[in-house]
Amino acid sequence: MSSSSAQTSAEIIDWPSVPVAQVYGKLTRVNGLLLEAVGCQLGTGDRCHIECRNGGVVEAEVVGFYKDTVCLMPIEHTTGLMPGARVIPIAERCQIPVGKGLLGRVLNGLGKPLDDLGPLSQIQTIPMVQMSTNPLQRKPITEPLDVGIRAINALLPVGRGQRLGLFAGSGVGKSVLLGMMTRFTEADIVIVGLIGERGREVREFIEQSLGEEGRQRSVVIAAPADTTPLMRMRAMRLCHHIACAYRDQGKRVLLLVDSLTRYAQAQREIALSLGEPPATKGYPPSAFAQLPSLVEMAGNGQHPTGTLTAFYTVLTEGDDQQDPIADAARAILDGHIVLDRKLAEQGHYPAIDIGASVSRLAAQVASSDSLSHGQVFRHLNSKYQQVKELLPLGGYQPGQDKELDIAVQAYPQMAAFLQQATHSQADHQHSISQLQQLVEGLGYQAPPSTE
């Protein structure tokens with residue numbers, strides 16, 4: 001056979017494709033929540049599958065390494081892991097669903113449905129990557145937001161794009177206040193994150209706080225307390241990525257997260273498992289470092305009409321406002337609303353402590369008259385707090401201080417103004433009008449400002 005015919009035969013032969021070899025490692029140790037593996041090239045944040053005895057796989061994420069040993073954390077609870085189990089890297093990045101098909105759905109931290117409404121539809125997926133916005137390109141906050149709560153609208157005005165914290169101990173009414181905001185706030189889309197809370201509260205929040213009407217414009221991401229720390233952290237990040245995606249489409253988004261403290265506690269569990277030393281009340285430094293990078297994802301972006309307003313509940317252990325997580329959150333948020341246990345015990349709901357609460361953007365979103373009326377209200381409320389414990393003892397004698405007399409006489413009206421039924425909505429303009437009528441009806445002139 002000639003050389004030309006041999007060359008032709010070689011050209012028409014369809015050689016079988018050779019599969020690319022897959023590199024995998026093996027599991028060497030399980031230490032509590034921490035898994036250790038060797039033999040695979042993985043970086044922090046990468047994902048992998050670990051084969052189990054029953055033939056299934058467990059998804060895990062790289063959270064650290066030591067020499068040639070990779071430290072993994074499972075995303076879900078594990079059973080059936082064996083020594084030497086294969087660890088198979090996942091090449092593609094983690095994808096998150098976005099689109100109008102998410103509205104009305106309840107998802108877990110992986111973006112998978114928890115409800116019985118079937119698979120997700122009318123969605124697209126985007127990679128979950130850490131997003132950052134140039135601070136000079138953020139849309140300024142100039143427009144007030146109506147949250148439907150009279151005390152907040154009138155005395156703690158909120159702007160579209162602001163980030164605030166609801167600070168309170170356990171059982172003081174954070175979740176109830178969050179539910180009221182979910183129903184009453186003027187927003188196109190509401191993203192609700194139930195992170196690390198009781199599993200019982202998930203269904204109650206959906207059925208009682210959201211209701212059928214509120215659910216149609218909401219996306220709920222739930223990772224209860226019995227899920228793994230990594231699942232809770234993944235759910236928190238998922239909330240922010242979905243909210244940012246809607247914001248960048250020009251939507252007015254409200255993000256409600258319950259709670260920021262559980263997110264920090266999840267990071268603490270992971271860091272302590274890796275051997276990071278505790279710094280403040282058992283919290284390692286990484287727990288505090290994670291908070292600013294998370295909160296900075298919220299707020300306004302570059303889109304001219306899209307806004308993202310965020311409310312985070314912060315659990316103050318033992319009602320201590322100097323709790324380390326509460327103190328760190330107060331420093332990075334744009335305001336804080338403090339709920340007082342004593343007010344809650346008196347049946348005063350929402351139990352907002354006006355004197356301890358502040359909105360740092362009040363001057364940017366409220367009129368000068370509204371700010372002046374709020375100053376008078378705060379001043380008289382502070383005066384009353386000075387003598388309230390003396391009233392039952394007869395230690396207060398009227399007629400000696402005119403301001404105190406006005407404060408004591410006006411307090412019942414002021415307390416009634418601050419209270420609001422769970423299913424009662426107070427719009428922004430009506431709240432300001434009520435405050436104006438209350439203050440002007442007292443006949444009290446505020447002392448001139450020294451500024």
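**Largest pocket.** I started with the pockets of this predicted model. The largest one has a volume of about 770 Å³. I then looked up its lining, which counts 33 residues, and the closest to the pocket centre are Thr44, Gly45, Glu61, Val62 and Arg237. Next I asked which elements give two or more residues to this lining. They are strand 4, helix 5 (229–247), helix 6 (260–273) and helix 7 (285–295). I sorted the lining of the largest pocket by class and got 16 nonpolar, 9 polar and 8 charged residues.

**Second largest pocket.** I found a volume of about 340 Å³ for the second largest pocket. Its lining has 16 residues, and those nearest the centre are Val106, Leu114, Asp115, Val202 and Ala222. Two or more lining residues come from helix 4 (199–215) and likewise from strand 14 (218–223). Which element gives the most to this lining? I noted helix 4, with 6 residues. The class count for the second largest pocket is 8 nonpolar, 3 polar and 5 charged.

**Cavity.** I searched the whole structure for cavities of 30 Å³ or more and got 1. The space in the largest cavity is about 30 Å³. I listed its lining as Pro144, Asn153, Ala154, Pro157, Val365, Ala366, Ser370, His428 and Ile432. Helix 2 (150–155) supplies at least two of the lining residues, and so does helix 13 (428–442). By class I have 6 nonpolar and 3 polar residues around the largest cavity, and no charged ones.

**Strand 5.** I went on to strand 5, residues 69–74, and checked burial. Of its 6 residues, 6 are buried, so the strand is largely enclosed by the rest of the structure. I also took the two faces separately. Thr69, Cys71 and Met73 are buried on one side, and Val70, Leu72 and Pro74 are buried on the other, which leaves both faces covered.

**Partners of strand 5.** I looked up the pairing with strand 2 (residues 34–38) and found 3 bridges, with the two strands running antiparallel. Leucine 35 has leucine 72 of strand 5 as its bridge partner. Strand 4 (residues 57–66) is also antiparallel to strand 5, and 6 bridges join the two. Across from valine 70 of strand 5 I found phenylalanine 65. Strands 4 and 5 form a hairpin with 2 residues between them, and there lysine 67 takes a positive phi near 55°.

**Leucine 230.** I then picked leucine 230, which sits in helix 5. Is leucine 230 buried or exposed? With a relative accessible area of 2%, under the 20% cut-off, leucine 230 counts as buried. I listed its contacts, leaving out neighbours within four places in sequence, and got Glu61, Met73, Pro74, Ile75 and Ile270. Two of these connect with earlier entries: Met73 and Pro74 are on opposite sides of strand 5, and Glu61 is among the residues closest to the centre of the largest pocket. I also checked one C-alpha separation, from leucine 230 to glycine 109, and got 9.0 Å for residues that are 121 apart along the chain.

Terms used: Residues numbered from 1 in each chain as written. Predicted model: local features only at pLDDT ≥ 70, side-chain atom pairs only at ≥ 80, totals over all residues. Heavy atoms only, no water. Buried < 20%, exposed > 50% of the residue type's maximum accessible area, 1.4 Å probe, protein only. Helix = DSSP H or I, 4+ residues; strand = E, 2+ residues; numbered from the N terminus. Pairing = 2+ DSSP bridges. 1 Å grid on protein atoms, 1.4 Å probe; cavity = no way out; pocket = protein on both sides within 12 Å on 5 of 7 lines; lining within 4 Å. Points joined across faces, edges and corners; volume = space filled by probe spheres on them. Nonpolar A, V, L, I, M, F, W, Y, C, P; charged D, E, K, R; others polar. Contact = heavy atoms within 4.5 Å.
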